[in-house]
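This report covers the salt bridges and one sheet of the structure shown below. Please keep the model at hand while reading.

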Amino acid sequence: MADLKKMAEEIVGLTLLEAQELKTILKDEYGIEPAAGGAVMVAGGGDAGGASAEEQTEFDVILVAAGPQKIAVIKEVRALTGLGLKEAKDLVEAGGKAVKEGVDKAEAEEVKAKLEAAGAEVEVK
């Protein structure tokens, strides 16, 4: 059996370009693709019915539109993200941008509620 510790150290030490190449090799030659959560999923394996599909655990809160009270939304975005005034204003004006990424469901719902209370149109993905 291979020395797993050594293999893990080599994988962690990969550059971004090398990691991308490793991903391509695993996909093309072995049918292994990374799943959305970062775990490795073997293509065509096991449960064909998909009954073991995992529930989504990380959510992104997307600001679709600022709405009529843009200043209140900018203030709320600043409070939620810790961004400066200019960065928060740019994020709000751009629309379709993530305010929070990779948060749990409870936090995503809380952020959505706060932004909607400020007058924004928000989406959780």
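## A salt bridge within helix α4

In this predicted model, Asp90 and Lys86 both belong to helix α4 and sit four residues apart, which is about one turn of the helix. Their side chains form a salt bridge, with an N to O distance of 3.1 Å.

The two partners fall into separate accessibility classes. Asp90 has a relative accessible area of 36% and is partly exposed, because the partly exposed class runs between 20% and 50%. Lys86 reaches 58% relative accessibility and counts as exposed, because exposed means over 50%.

## A salt bridge between helices α3 and α4

Lys70 and Glu93 also meet through their side chains, in a salt bridge of 3.0 Å from N to O. This pair connects distant parts of the chain: Lys70 belongs to helix α3 (residues 70–81) and Glu93 to helix α4 (residues 85–94), with the two residues 23 apart.

How accessible is Lys70? Lys70 is partly exposed, at a relative accessible area of 34%. Glu93 is partly exposed as well, with 40% relative accessibility.

## A further pair and the network

Another salt bridge joins the side chains of Lys125 and Glu123, at 3.3 Å from N to O. Lys125 is exposed, with a relative accessible area of 54%, while Glu123 is partly exposed at 33% relative accessibility.

Shared partners tie some of the salt bridges together: Lys70, Lys89 and Glu93 form one network. The count of salt bridges comes to six.

## The three-stranded sheet

Three strands make up an open sheet in the order β4-β3-β5, and their pairing is antiparallel. The edge positions are taken by β4 (97–103) and β5 (121–124). Each of these has a single partner strand, so one side of each has no neighbour in the sheet. On average, neighbouring strands of this sheet are turned by 20 degrees against each other, direction ignored.

Strand β3 (residues 59–65) pairs with β4 in the antiparallel sense over four bridges. Which residue in β4 is the bridge partner of Val61? That partner is Lys100.

## Helix α4 on the sheet

Helix α4, which holds both Asp90 and Lys86, also lies across strands β3 and β4. The helix runs at about 100 degrees to β4. Glu93, the partner of Lys70 in the salt bridge described above, is in this helix too.

Key. Residues numbered from 1 in each chain as written. Predicted model: local features only at pLDDT ≥ 70, side-chain atom pairs only at ≥ 80, totals over all residues. Heavy atoms only, no water. Salt bridge = Lys/Arg side-chain N within 4 Å of Asp/Glu carboxyl O. Buried < 20%, exposed > 50% of the residue type's maximum accessible area, 1.4 Å probe, protein only. Pairing = 2+ DSSP bridges. Axes fitted to C-alpha atoms, helices over the stretch in contact; angles between N-to-C directions. Contact = heavy atoms within 4.5 Å.
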